[in-house]
Amino acid sequence: MKRKQFIKTAAAGTLLPISLNGFSMKSWSQSSLLRLLGARAMDSGKVFVLIQLNGGNDGLNMVIPLDQYSNLSKARNNVLIPDTQVLGLSGVSATGLHPAMDGLRQMYNNGLVNIVQSVGYTSPSFSHFRATDIWMTGSDSNENWTTGWLGRFLDGQFPAFPTGYPNTTMPDPLALQIGSQVSLSFMGPAQNMAMSITDPANFYNLVNGSTDPTPNSHAGDELAFLRLMANQTNQYATVIKAAAAAASNQSSKYVSGNSLSDQLKIVARLIKGGLKTPVYMVSMGGFDTHSQQVDSTDHSIGSHATLLKRLSEAIYAFQDDLKLMGIEDRVAGMTFSEFGRRIMSNGSGGTDHGAAAPLVVFGTGVQSGIIGNNPAIPSTVTVNDNVPMQYDFRQVYASVLADWFGLSTSEVSAAMGGKSFNPLPVFKANLSRINDWAEVSGRVQLYDVQPNPVRDSATFRFYTDGGHLDIQVFDALGNRIAIPVSGRFVKGEHTASWETKGLKPGNYFYQLSHGNQRTTRVLSVL
Amino acid sequence: MVNPFMDRRDFLSIHGSNASPVAVKRASRRASTGLTPVTGNLTKAQALHLLRRCLFGVRVSEMKSFTGMDVASAVDALLNVNTTPSVLPLNYYGNTTTDPDVAYGQTWVTAPFNGTVNFLRRSSWKFWHLGQTLNQDTTILEKMVLFWHNHFVTESESVPDARMNHLYLKTIRDNALGNFKTLTKAMTLDPAMLYYLNGYLNVKTAPDENYARELQELFTLGKGPDSKYTEDDVKAAARILTGWSISVSGSVPSNTFTLSKHDTTDKSFSSFFGNATIKGKNTSNAGDLELDDLLTMIFNQNEVAKFICRKLYRYFVYYDITPEIETNVIAPLADHFRNNNYDIKSVLAKLLKSEHFFDPGNMACIIKDPISDISGFCRQMEMAFPPASNPEVQYTHWGYLHTFIQSLQLNLGDPPNVAGWPAWYQEPLFYRSWITSDSLPKRNQFTDAFLYTGFKRGGFTTVVDTLIVTKQFSHPEDADQLIAEAVEFLIPMALSSSQISGLREILLPGGIPAYNWTDDWNAALNTGASNHATALSSVIAKLKSLYKAIMNLSEYQLS
């Protein structure tokens with residue numbers, strides 16, 4: 001943490017009791033006080049855990065839009081989860097979870113989960129690599145960035161790293177990734193900010209105080225020496241070993257044979273053991289379910305179900321562990337994947353690369369609930385139709401930075417590469433944002449476009465209590481092709497017409513956005 | 001197609017059997033192999049072993065051209081050296097500091113001494129020497145230059161004239177694969193050596209024993225158990241070496257002999273030398289003649305060849321010389337060296353063509369010295385340096401590497417003392433002394449830095465273009481083959497299946513199908529592809545990550 005920020009934060013903390021008198025919490029919306037309260041996060045030991053789902057997770061089979069079920073059953077009958085088996089969520093009727101995710105359902109019902117619907121970006125890439133790079137760097141679809149969003153974040157908090165690190169203020173790695181490589185997410189302006197775990201086997205050995213065998217040869221002798229030195233001289237080896245040794249997992253809910261569980265077990269130990277590392281990344285693969293993602297006779301089981309079960313069980317056990325360790329209030333986490341999958345399933349019982357998808361944020365600090373609406377599924381789905389984004393993934397990042405880590409607007413903007421994204425009400429930390437959100441919701445309404453299907457010209461109709469709103473149109477691939485409505489409107493119903501001549505026939509999505517609210521509907525062009 | 005679900009269970013199995021390397025042949029700890037020449041053609045692994053030990057870093061093209069080559073021809077090719085450098089050390093500093101006798105871009109090696117700019121000339125010499133390792137031919141020359149620099153040590157900072165540093169290294173270079181006795185004589189009379197070990201102060205009225213002692217202890221006989229020269233032998237040799245000094249009157253420094261300062265009496269030696277007496281001479285060439293006699297007497301001792309062969313063995317094979325290796329390898333190699341009149345090329349050929357050298361048990365067991373590590377990285381990744389047309393920038397970049405290598409405990413041009421670098425003589429650590437809590441992270445930081453940001457100075461950035469090497473592999477579009485080839489190229493031993501899985505995860509995260517890499521690779525190389533730019537950027541990022549991961553493995557430090 002920058003010394004300057006620390007001083008600023010500490011000063012704000014001392015002013016708090018006085019300042020609160022006479023000011024409603026809401027009046028501090030977007031302003032300094034709550035942010036500065038949050039800004040103590042880096043001091044108070046807050047930790048964020050990212051769970052990367054490699055391959056592109058099928059969001060439509062994970063967070064199931066029950067109100068779209070009949071259209072969904074037409075589009076993806078051979079992978080469809082039977083609606084009777086979808087796990088219901090308390091207080092929610094139109095949305096449920098995959099039957100394998102009982103752990104996550106329990107967490108939701110206990111107020112520990114926030115689901116953000118249809119997270120993506122405009123002009124989505126369908127390449128694993130490109131899409132992953134976009135998620136890691138936080139760039140627009142048409143930009144090639146070489147630094148990662150977490151790298152920029154950590155660079156802002158710990159300037160000049162690694163020069164002068166470790167030090168007494170930050171004796172521990174800035175970020176830890178458990179896995180084979182250090183993610184592009186952590187790439188800072190000059191170098192990667194995460195601890196370089198050069199050899200995953202070595203990392204587990206380090207944590208567990210074991211060693212890999214070496215061959216019985218001269219080369220083996222020298223290799224054993226080099227590995228010993230590598231562990232001894234890793235500037236963070238000592239603190240990691242000490243942290244791992246200082247804590248043990250408390251939960252009995254971890255399931256063996258679950259690699260994500262094993263990774264999260266280590267994370268929990270290291271946090272409890274006293275590492276000040278603010279960011280961890282863990283991952284699991286196998287989500288590229290092009291074929292046979294479900295059992296052909298029982299769609300509630302199969303390879304995707306196995307993955308979601310592992311994911312759910314691992315998060316559930318991790319959360320339980322954190323609670324038993326007494327550190328649950330310091331830790332939050334989220335899942336992400338490079339893209340969702342196509343609405344329409346393919347002939348081999350799988351789904352191809354798609355666009356937006358839901359993600360899950362968990363922890364005692366999240367504002368429980370679902371942000372956004374169920375994705376709109378067209379009644380006639382083509383192979384090209386995709387779930388359009390409701391929220392930019394960088395809005396989620398901005399929420400993490402602003403409301404979990406408590407960064408200032410300018411710090412968030414720096415981490416976002418100079419771009420500005422409105423945070424979502426994902427975390428409890430920022431009550432004002434949640435209140436703002438509550439005020440906004442229910443005050444706009446988007447009606448069906450007329451006519452639908454449309455031949456030459458469509459008329460949008462919407463209601464607002466007043467304020468700025470936009471209607472954007474996306475093609476089936478998720479590319480934004482028009483913004484037919486954008487401006488301030490007085491209270492009341494309004495209409496706007498839009499020429500559709502020249503558009504290729506097919507499904508399009510039109511989305512009304514007002515503040516943080518999004519409503520998406522489908523229109524078909526003939 | 002069902003996607004393989006790759007989980008990381010094998011990363012997590014701490015004691016799992018899959019953690020052990022799979023393909024390293026278990027070597028017998030007994031040296032069953034000797035100097036019998038290997039016949040037949042080099043496998044790729046053998047070619048890489050030979051090249052790694054003889055070069056500072058192997059290029060893909062070298063690996064390819066040596067694979068399948070007949071062993072004898074391959075070794076002979078590496079020993080066929082051209083000792084004339086293509087360019088001499090230059091005035092690179094002239095844009096900021098004027099050298100009154102040497103124009104910017106010209107060589108200073110024959111210019112008059114100048115005390116003001118001498119330190120810049122010395123830097124020029126040191127940086128140039130590093131540049132020679134980067135630009136080496138596919139021969140053993142640069143490796144042997146370092147061998148002899150480590151053997152006949154002078155420390156450039158202790159020598160007052162950069163031209164002497166240059167002459168010293170030129171003598172080493174000219175004789176690096178020549179005759180060891182000739183080289184020893186030349187080194188004895190080398191101005192830098194005369195200065196460094198006080199030969200120029202050695203006069204009959206007050207003999208200075210410094211060089212006479214090191215000549216026997218460090219340069220020829222060594223301190224092996226059978227090397228039994230005496231303190232009186234040191235004194236006698238010192239008297240033989242009286243009368244030499246350094247002349248700086250010409251355009252280049254030279255040695256000069258002054259009879260009046262020479263001890264012209266007879267010198268008697270111990271029983272170790274058969275109680276030999278070297279007749280004192282009284283002619284203007286007395287110093288030269290008596291030196292010849294001294295060297296002939298010394299070189300008649302079996303210990304000389306054994307000492308040098310042990311040192312060559314530790315430089316090219318492994319440091320641990322067991323009694324069996326002493327018998328089966330060192331002794332016959334020393335006989336060969338002696339029988340071939342101390343011809344260096346011949347003894348190297350004998351060793352490098354031998355079954356013992358190619359014994360799998362002797363592969364991958366040398367921890368790279370800092371030059372093999374750093375220059376080796378630059379060569380194997382074919383990193384481009386500033387062009388010769390801009391000496392200021394070129395030398396600055398060489399200089400950066402030189403300084404970095406110095407931080408890894410090898411200051412090229414300035415060994416720590418007259419015995420050379422401890423890694424090549426100091427028991428029990430030997431090569432392990434290169435690896436410290438400071439140097440090992442730096443080695444990793446260096447490869448990381450030059451894969452990503454590189455070194456930027458004078459408008460030029462020295463940084464790896466990962467595509468250059470990758471494109472030369474046979475199937476870079478196939479992720480698994482690419483990993484296998486990159487590992488084989490960069491690491492001298494097989495990796496465990498979990499390590500390979502970890503590398504695979506970089507190119508194909510989450511077990512996505514291999515065609516994803518293939519598609520991106522093809523688009524990255526096809527400038528007409530619609531996603532060319534993004535694919536290129538993604539491919540390069542992945543390659544950097546892959547090479548970084550490979551180079552951060554402990555195995556990468558081995559040669």
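The turns below work through a predicted model, taking chain A and then chain B.

Student: What is the mean pLDDT of chain A, and over which residues is the pLDDT below 50?

Tutor: In chain A, 86% of the residues reach a pLDDT of 70 or more, and the mean is 84. Where pLDDT is low, the predicted coordinates should not be read in detail. That caution applies to one stretch of chain A, which has 44 contacts in the model beyond near neighbours in sequence, although its pLDDT is below 50. The mean is therefore 84, and the stretch with pLDDT below 50 is residues 1–41.

Student: How many helices and strands does chain A have, and what percentage of its residues are buried?

Tutor: A residue counts as buried if 20 or more other C-beta atoms lie within 10 Å of its own, and in chain A this is assessed over 526 residues. The secondary structure of the chain comes to 15 helices and 20 strands, and the buried percentage is 56%.

Student: Which strands stand at the edges of the open sheet with the order 14-15-18 in chain A?

Tutor: This open sheet has 3 strands with antiparallel pairing, and the twist averages 20° from one strand to the next. An edge strand here has a single partner strand, so one side of it is left without a neighbour in the sheet. The strands in that position in chain A are strand 14 (444–446) and strand 18 (492–499).

Student: How many bridges join strand 14 of chain A to strand 15, and which residue stands opposite Val444(A)?

Tutor: Strands of a sheet pair through backbone hydrogen bonds, either parallel or antiparallel. Strand 14 and strand 15 (residues 457–464) of chain A run antiparallel, and the number of bridges joining them is 3. Opposite Val444(A), in strand 15 of chain A, stands Thr464(A).

Student: Is Ala72(B) buried, exposed or partly exposed, and which residues does it touch?

Tutor: Ala72(B) is found in helix 4 (residues 71–79) of chain B. Because 15 other C-beta atoms lie within 10 Å of Ala72(B), which falls between the cut-offs of 12 or fewer for exposed and 20 or more for buried, this residue is partly exposed. Leaving aside residues up to four places away in sequence, Ala72(B) touches Pro37(B) and Lys353(B).

Student: Which elements are included in what covers the buried residues of helix 11 of chain B?

Tutor: Helix 11 spans residues 231–240 of chain B, and its buried residues include Asp233(B), Ala236(B) and Ile240(B). The cover over the buried residues of this helix includes helix 10 (210–220), strand 3 (267–268), strand 4 (277–278) and helix 12 (286–299) of chain B.

How values were computed. Residues numbered from 1 in each chain as written. Chains lettered and ligands numbered in written order. Predicted model: local features only at pLDDT ≥ 70, side-chain atom pairs only at ≥ 80, totals over all residues. Helix = DSSP H or I, 4+ residues; strand = E, 2+ residues; numbered from the N terminus. Contact = placed C-beta atoms within 7 Å. Pairing = 2+ DSSP bridges. Axes fitted to C-alpha atoms, helices over the stretch in contact; angles between N-to-C directions. pLDDT = per-residue confidence, 0-100.
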